[in-house]
Amino acid sequence: MSDWLRYIAMIFYAPIRGMREVRDRGTLFPAIVSAYLAQLAYLFAVQWLIDRTLLARPQVIASNFFQAAASLLPIAIVIVPLLALMSNMFDRRGSFGLMIQQEYASLATVVFYALVAANLMTILVSIFFHFSGVQAAYVASSMQSAGQIKSMFNFPAELQKELEKNLSNPAFVAASLFRTVKVGIFTVGTLEAVRKVFRLSVGRSLAVVALSYAAAFVLSPLWVWLGTRLIGSPFILLMLFLLLRGYFAGNVSNQRARTAFKLNIEAATINTRA
């Protein structure tokens with residue numbers, strides 16, 4: 001875990017090099033723990049910035065711990081497999097099952113590292129927006145244009161009423177601003193993760209990320225339904241962890257073996273040249 005403190009520090013002065021080191025030497029479990037803690041910090045920071053009274057409610061604090069964990073599931077079970085699938089379409093390396101077996105741990109580790117970076121950077125940007133007046137100006141502008149935004153959509157009455165309620169809520173508007181910043185930073189990080197793990201060009205990496213996002217959106221009703229079933233049943237989560245523990249451990253071992261082999265080849269090349 002001490003290595004991950006160094007990787008997290010590298011987010012602020014050498015993020016690309018940090019991503020390469022995570023790809024070659026990082027392991028999945030510390031990446032998940034770091035992503036969870038960063039997500040938790042993001043939730044508390046945003047709530048403090050938009051409405052400090054929220055943190056005085058015990059139910060909100062308890063909900064943050066649950067929400068931080070639940071937000072990692074779509075990345076682990078939807079986004080990462082889709083990225084591997086789309087990457088394999090552009091650069092065929094075997095069957096999808098083989099791709100997942102060989103690259104899941106490495107790709108998921110780097111993507112979770114990108115999530116850590118997105119959370120920490122968004123916290124800094126959100127603090128700047130809050131104290132510089134950008135947040136207040138954005139909320140005021142959004143409240144004024146709420147009527148125009150509602151007229152752009154022809155939703156059913158219930159959804160229209162919900163949209164009107166959200167657009168008139170300053171906390172919701174401010175949270176949406178911060179969420180947009182986070183999604184943008186995470187998308188850039190995911191793009192770099194695809195480039196670093198699969199060594200694709202920028203154009204192909206953009207296509208992989210765009211297609212993966214589109215597929216995740218189309219499949220969202222299915223994985224949201226599955227996610228609610230998994231989250232609502234701790235027993236199923238425990239069984240899933242026990243079933244996949246050996247699989248992920250094997251992936252991490254394969255990743256370390258490939259890294260050691262690569263380092264040995266580089267060392268042999270240097271010795272030959274010398």
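1. Both Lys196 and Glu192 are buried. The two residues form a salt bridge, with the closest N and O atoms 2.9 Å apart. They are four residues apart in helix α10, so about one helical turn separates them. The model is a predicted one, and the points below should be read accordingly.

2. Glu192 also takes part in a salt bridge with Arg195, at 3.1 Å from N to O. Here the spacing in helix α10 is three residues, so the separation is again about one helical turn. How do the two partners stand in accessibility, buried or partly exposed? Glu192 has a relative accessible area of 15% and is therefore buried, the limit being under 20%. Arg195, at 29%, counts as partly exposed.

3. The structure holds five salt bridges. Apart from the pairs of Glu192, there is a salt bridge between the side chains of Arg23 and Asp24, at 3.0 Å from N to O. Arg23 and Asp24 are both buried. A network of salt bridges links Arg6, Arg17 and Glu21.

4. The largest nonpolar core has 47 residues, and the members that touch the most others are Leu83, Leu107, Val111, Phe112, Tyr113 and Phe198. Which helices supply at least two residues each? They are α1 (2-10), α2 (15-25), α3 (28-50), α5 (72-90), α6 (96-132), α10 (170-198) and α11 (202-218). Helix α6 gives the most to this core, with 15 residues. As background, nonpolar side chains tend to be buried together in soluble globular proteins.

5. Phe112 deserves a separate entry. Neighbours within four places in sequence set aside, Phe112 is in contact with Leu28, Ala31, Ile32, Ala35, Leu72, Ile75 and Ala76. Phe112 is also listed among the residues of the largest core that touch the most other members.

6. There is a second, separate core of 12 residues, and Tyr42, Val46, Ile123 and Leu177 are among them.

7. Asn119 is placed in helix α6. Its relative accessible area is 0%, so Asn119 counts as buried. What does Asn119 touch, when residues up to four places away in sequence are not counted? The list is Ala35, Ala38, Gln39, Tyr42 and Lys182. Of these contacts, Tyr42 is also included in the second core, and Ala35 also appears among the contacts of Phe112.

8. On the surface, a nonpolar patch is formed by Leu85, Met89, Phe90, Phe96 and Leu211, which together have about 420 Å² of accessible area. Helix α5 gives the most to the patch, with three residues. Met89, which lies in helix α5, is exposed because its relative accessible area is 58%, and exposed means over 50%. Helix α5 is also one of the helices that supply at least two residues to the largest core.

9. The count of aromatic pairs comes to five. In the pair of Trp4 and Tyr7, the ring centres are 5.4 Å apart and the planes stand at 85 degrees, so the pair is edge-to-face. Both residues lie in helix α1, three residues apart, which is about one turn of the helix. Both are buried: Trp4 has a relative accessibility of 3%, and Tyr7 has a relative accessible area of 2%.

10. The aromatic pair of Phe128 and Phe129 is tilted, with 6.1 Å from centre to centre and 50 degrees between the planes. Which partner is exposed and which is buried? Phe128 is exposed, with a relative accessible area of 53%. Phe129 is buried, at 17%.

11. Ring pairs link Trp4, Tyr7 and Tyr113 into a cluster. Tyr113 is also named among the members of the largest core that touch the most others.

Notes
Residues are numbered from 1 along each chain as its sequence is written. This is a predicted model: local features need pLDDT of at least 70, side-chain atom pairs count only at pLDDT 80 or more; totals for chains, interfaces and linings use all residues. Side-chain values use heavy atoms; hydrogens and water are left out. A nonpolar core is a set of buried Ala, Val, Leu, Ile, Met, Phe, Trp, Tyr and Cys residues joined through side-chain atoms within 4.5 Å. Buried means under 20% relative accessible area, exposed over 50%, partly exposed in between (1.4 Å probe, protein chains only). Contact means heavy atoms within 4.5 Å. A salt bridge is a side-chain nitrogen of Lys or Arg within 4 Å of a carboxyl oxygen of Asp or Glu. Patches are made of residues with over 30% relative accessible area and no salt bridge: like charges are joined within 9 Å, nonpolar side chains (Val, Leu, Ile, Met, Phe, Trp, Tyr) within 5 Å. Accessible areas come from the Shrake-Rupley method with a 1.4 Å probe; for residues, only the protein chains shown count as cover. Rings of Phe, Tyr and Trp (its six-membered ring) pair if their centres lie within 6.5 Å; planes under 30 degrees apart count as stacked, over 60 as edge-to-face and the rest as tilted.
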